[in-house]
Amino acid sequence: MKKYDYIISGSGAAGLSLLMRMIVHPYFGDKQILVVDKVSKTTNDRTWCFWENEPGLFQPIVYHHWERVHFYSDHFSSLLHLAPYHYKMIRGIDFYNYVISEAKKHTNITFAHGNVEGVGNENDYAFIVMDGIKFVGSYIFNSIQFEPLQAPAGKYYLLQHFKGWMIETVQPFFNQGQATLMDFRVSQQHGTTFGYVLPVSPTAALVEYTLFTRQLLQQHEYNEGLKNYISQQILLNDYTVTSEEFGVIPMTNMKFSKGEGRVLNIGTAGGQTKASSGYTFQFIQKQTQAIVDSILKDGLPTHQKVSPSRFHFYDSTLLNILYNNKLPGDKIFSDLFSKSAVQHLFRFLDNESTLAEELRIVWTLPTFPFLRAALQEIVS
């Protein structure tokens, strides 16, 4: 039985980000790497958006970026200038093609596809079972969530769910230099709900309808939400939907397993989705870089702590507020964006701010509800 040095379970953002970081470093050139997943990634099934203040590993495939974004609500609206940050978009198909095409240049990297049934440890190696066949490796990096998430008592679990349409117009309509980051001028009947507009040309834009709630909607409700938002807020009626995407992201303060033994969990399965925002892509980049750094330093992959623990407390406090409907989400985000510089907010949401910056941001929020929620999280 062939034994691999590293097995990557899952070929999504986490698995392929780690693979790419291995590809670009000479140390891994003679390591046998196996990547397993259910099917090969050949469709544009999702879009990743994130802010960044310098070019990252995947800068060559950034599909579009914006230096200015709109924030809209009934409480506050403004055009925000992001410098030195850029808000960036990477299409799933470009990401998959980029990493996989680079991987195929290296004979030490193998891809296998099938039903991945589980991972585990045995003696001095890790193993993964796919279609009843066992593959063994020195270490496995797993991004597959094998069991449905269930938050234990005392923890919060919201769903960030969204449907997006790529739409096109015959005549130029969009300002491709300005995106809409959040637009709360939509019905809040289900909970925290906002629109999202990312123009990629004068005649094309990705429009999304996003909610933070406990339950998903029916598909026709997302469609109605998108239609109403496009007609009532974007003020556009003549357009064609060229593609669509749908996603569900967990927003929870439950503790995710880092893995056991020679199995390390990465990505959302390893707790890299930020509980209060749902952003994941950049946290995956930090985690995968930390893993590679630990291998280069000590020869062993370990989970390095990428964020101070106080940020988990902040996330839990906000989830407490949203989960229990103590304040409307549109009011919370309006206070944040109206009373703090967007650059400070980005650092805060990236878990990179200083304690002084965090205190200034916290004091922009309604004192009593947040203080009460914070005390609940301290004693829970």
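**Exercise 1. Overall form**

What percentage of the 380 residues of the chain count as buried? Also state the secondary structure content and judge the compactness from the radius of gyration.

Solution. This is a predicted model, in which local features need pLDDT of at least 70, side-chain atom pairs count only at pLDDT 80 or more, and totals for chains, interfaces and linings use all residues. Residues are numbered from 1 along each chain as its sequence is written, and side-chain values use heavy atoms, with hydrogens and water left out.

Step 1. Apply the accessibility classes: buried is under 20% relative accessible area, exposed is over 50%, and partly exposed is in between (1.4 Å probe, protein chains only). Of the 380 residues, 53% count as buried.

Step 2. Take helices (H or I, at least four residues) and strands (E, at least two) as DSSP runs numbered from the N terminus. The chain has nine helices and 18 strands.

Step 3. The radius of gyration is 21 Å, close to the 21 Å from the globule rule for 380 residues, so the chain is as compact as a globular protein of that length. The radius is taken over C-alpha atoms, and the rule is 2.2 Å times the number of residues to the power 0.38.

Step 4. Along the principal axes, the C-alpha atoms fill a box of roughly 65 × 55 × 40 Å.

**Exercise 2. The largest cavity and its rings**

Find which residues line the largest cavity, then describe the aromatic pair of Phe50 and Phe281.

Solution.

Step 1. Work on a 1 Å grid over the protein atoms alone: a cavity is a set of points where a 1.4 Å probe fits but cannot get out, while a pocket is an open set with protein on both sides within 12 Å along at least five of seven lines. Lining residues have an atom within 4 Å of a point. Points are joined across faces, edges and corners, and a volume is the space filled by probe spheres set on the points.

Step 2. One cavity of 30 Å³ or more is present. The largest cavity holds about 70 Å³ of space.

Step 3. Its lining consists of Cys49, Phe50, Trp51, Ser277, Tyr279, Thr280, Phe281, Gln282, Phe283, Leu349 and Asp350. Strand β3 (47–52) and helix α4 (281–298) each supply at least two of these residues.

Step 4. Sort by class: Ala, Val, Leu, Ile, Met, Phe, Trp, Tyr, Cys and Pro are nonpolar, Asp, Glu, Lys and Arg charged, and the others, Gly among them, polar. The lining then has seven nonpolar, three polar and one charged residues.

Step 5. Rings of Phe, Tyr and Trp (its six-membered ring) pair if their centres lie within 6.5 Å; planes under 30 degrees apart are stacked, over 60 edge-to-face, and the rest tilted. The count comes to 32 aromatic pairs. One of them, Phe50 with Phe281, is stacked, at 4.9 Å centre to centre and 20 degrees between the planes. This pair links distant parts of the chain, with Phe50 in β3 and Phe281 in α4, 231 residues apart. Both rings belong to buried residues.

Step 6. Follow the ring pairs outward: Trp48, Phe50, Phe58, Phe95, Tyr96, Tyr98 and Phe281 form a cluster.

**Exercise 3. Charges over rings**

State the distances at which Lys134 and Arg185 lie over ring faces.

Solution.

Step 1. The criterion is NZ of Lys or CZ of Arg within 6 Å of the ring centre and within 35 degrees of the ring normal.

Step 2. Lys134 lies over the face of Phe127, 4.7 Å from the ring centre. Arg185 lies over the face of Tyr72, 4.0 Å from the ring centre.

**Exercise 4. Backbone exceptions**

Locate the cis peptide bond at Pro84 and the positive phi values of Asn123 and Asn325.

Solution.

Step 1. Most residues other than glycine have a negative phi, and most peptide bonds are trans.

Step 2. Ala83 and Pro84 are joined by a cis peptide bond with omega of about 10 degrees. Pro84 sits in the loop between β6 (78–81) and β7 (86–91).

Step 3. Asn123 has a positive phi of about 55 degrees. It is in the loop between β9 (116–122) and β10 (125–130) and counts as exposed at 74% relative accessibility.

Step 4. Asn325 has a positive phi of about 55 degrees. It is in the loop between α5 (310–323) and α6 (329–339) and counts as exposed at 62% relative accessibility.
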